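Reader: I keep meeting words such as "buried" and "salt bridge". Can you show me how they are earned?

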Amino acid sequence: MRRNASTLARFESPVPQQPIPDSVPGSTPESVPVTDTSASPAGSHGAAAAKAAYVSRETPTREEDDPPLAMEAMRAVQILNPSGEVTMPRPERTRVMCVANQKGGVGKTTTTVNLAVALALHGNRVLVVDLDPQGNASTGLNVPHHTGVPDVYDCLINSVPLEEVAQGVEGIPNLWCVPATIDLAGAEIELVSVVARESRLSRAIDAYPGQFDYVFIDCPPSLGLLTVNALVAAQEVLIPIQCEYYALEGLNQLINNINLVRQHLNPKLDVSTILLTMYDRRTRLADAVEQDVRNHFGDKVLQAVIPRNVRVSEAPSYGQSVMTYDPGSRGATSYFEAAQEIAERGVKEPVNRNA
């Protein structure tokens with residue numbers, strides 16, 4: 001037994017001593033005084049506090065500790081706002097915003113629909129004017145826009161009052177939409193011979209008896225008379241910019257057209273908001289485009305960035321915005337943050353209203 005014990009002792013590795021945080025290099029463990037904290041309650045309390053402070057960096061926060069489904073449900077409740085309270089500040093005067101970019105596929109209609117729904121869900125009265133002959137904004141809000149339905153064409157060509165054309169959006173009490181049918185495709189030609197052709201939409205909005213907090217005008221992907229009507233009627237221009245190189249190419253021409261409209265037709269027009277859309281964080285190009293846009297436009301660029309999200313693309317096929325289709329998704333959260341930022345900017349910098 002004695003031989004076996006000595007043999008076993010040869011192969012046992014010594015237990016390494018734990019390093020002492022307060023030790024000085026070169027000192028031995030015996031030189032560090034050890035305080036017996038078990039004798040006094042104050043000492044034990046101090047040791048417990050030190051231990052808690054030491055592990056606090058590794059302790060997950062409440063947001064990190066919650067399961068993903070719980071976090072998504074919390075975001076959904078925040079976005080849908082079932083209480084109906086006014087959680088986004090309302091502007092002192094109506095903000096007429098034209099969502100324009102002559103390049104197609106940059107997210108003009110998607111931005112218009114989701115921002116309008118987000119603001120309406122949080123207590124703002126919003127009107128969406130669909131000025132695109134494709135009628136995609138009407139589809140996204142589930143508003144009928146087939147042939148024979150009174151639409152924005154009747155307002156522009158036949159001078160029909162806007163209140164006779166606007167339709168309430170189902171399920172969202174504070175949101176109305178002026179639909180667009182295929183008849184609007186011929187409005188570009190018919191407006192050529194109409195008196196005061198550039199200000200037809202502006203007069204229709206001015207004559208509306210109701211009072212809105214926001215009026216969003218969804219423009220077609222062109223710089224024709226329909227877009228000019230929208231620029232004359234609006235006070236602010238919101239430009240969605242896709243985070244790709246082609247989106248930057250035509251931006252200069254759009255800014256030139258906006259400056260022409262400001263000089264000759266609407267001196268109050270201002271490019272107030274730039275929104276980056278379809279951001280893919282996996283690519284360096286998206287980051288480069290974002291940096292270029294922020295360097296050029298400065299504070300006009302919203303901090304919120306809209307990522308590529310399949311839920312945003314799926315929602316229109318169900319006649320919904322992403323805010324109601326999947327309120328917990330990244331796309332809905334991003335548009336909610338963008339709407340909140342726009343609302344807060346409107347309170348800080350009130351704009352003139354077309355009463």
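Author: Here is a short round of questions on a predicted model.

Reader: What makes D213 and R90 a salt bridge?

Author: The cut-off is 4 Å between a side-chain nitrogen of Lys or Arg and a carboxyl oxygen of Asp or Glu. For D213 and R90, the closest N and O atoms are 2.9 Å apart. So the pair meets the rule. The two residues are 123 residues apart. D213 sits in the loop between helix 9 and strand 5, and R90 in the loop between helix 4 and strand 1.

Reader: Why is D213 called buried?

Author: Buried means under 20% relative accessible area. D213 has 5%, so the word fits.

Reader: Why is R90 called partly exposed?

Author: Partly exposed lies between the 20% and 50% limits. R90 is at 42%, so it belongs there.

Reader: How do you know that R308 and E244 form a salt bridge?

Author: Their N to O distance is 3.1 Å. The limit is 4 Å, so the pair counts. R308 and E244 lie in two loops, so the pair ties together parts 64 residues apart in sequence.

Reader: What about E341 and R345: where do they lie?

Author: Both are in helix 16, four residues apart, about one turn of the helix. Their closest N and O atoms are 3.4 Å apart. That is within 4 Å, so they form a salt bridge.

Reader: Is E341 buried or exposed?

Author: E341 has a relative accessible area of 15%. The cut-off is 20%, so E341 is buried. R345 has 24%, so R345 is partly exposed.

Reader: How many salt bridges are there by this rule?

Author: The count comes to 10.

Terms used
Residues numbered from 1 in each chain as written. Predicted model: local features only at pLDDT ≥ 70, side-chain atom pairs only at ≥ 80, totals over all residues. Heavy atoms only, no water. Buried < 20%, exposed > 50% of the residue type's maximum accessible area, 1.4 Å probe, protein only.
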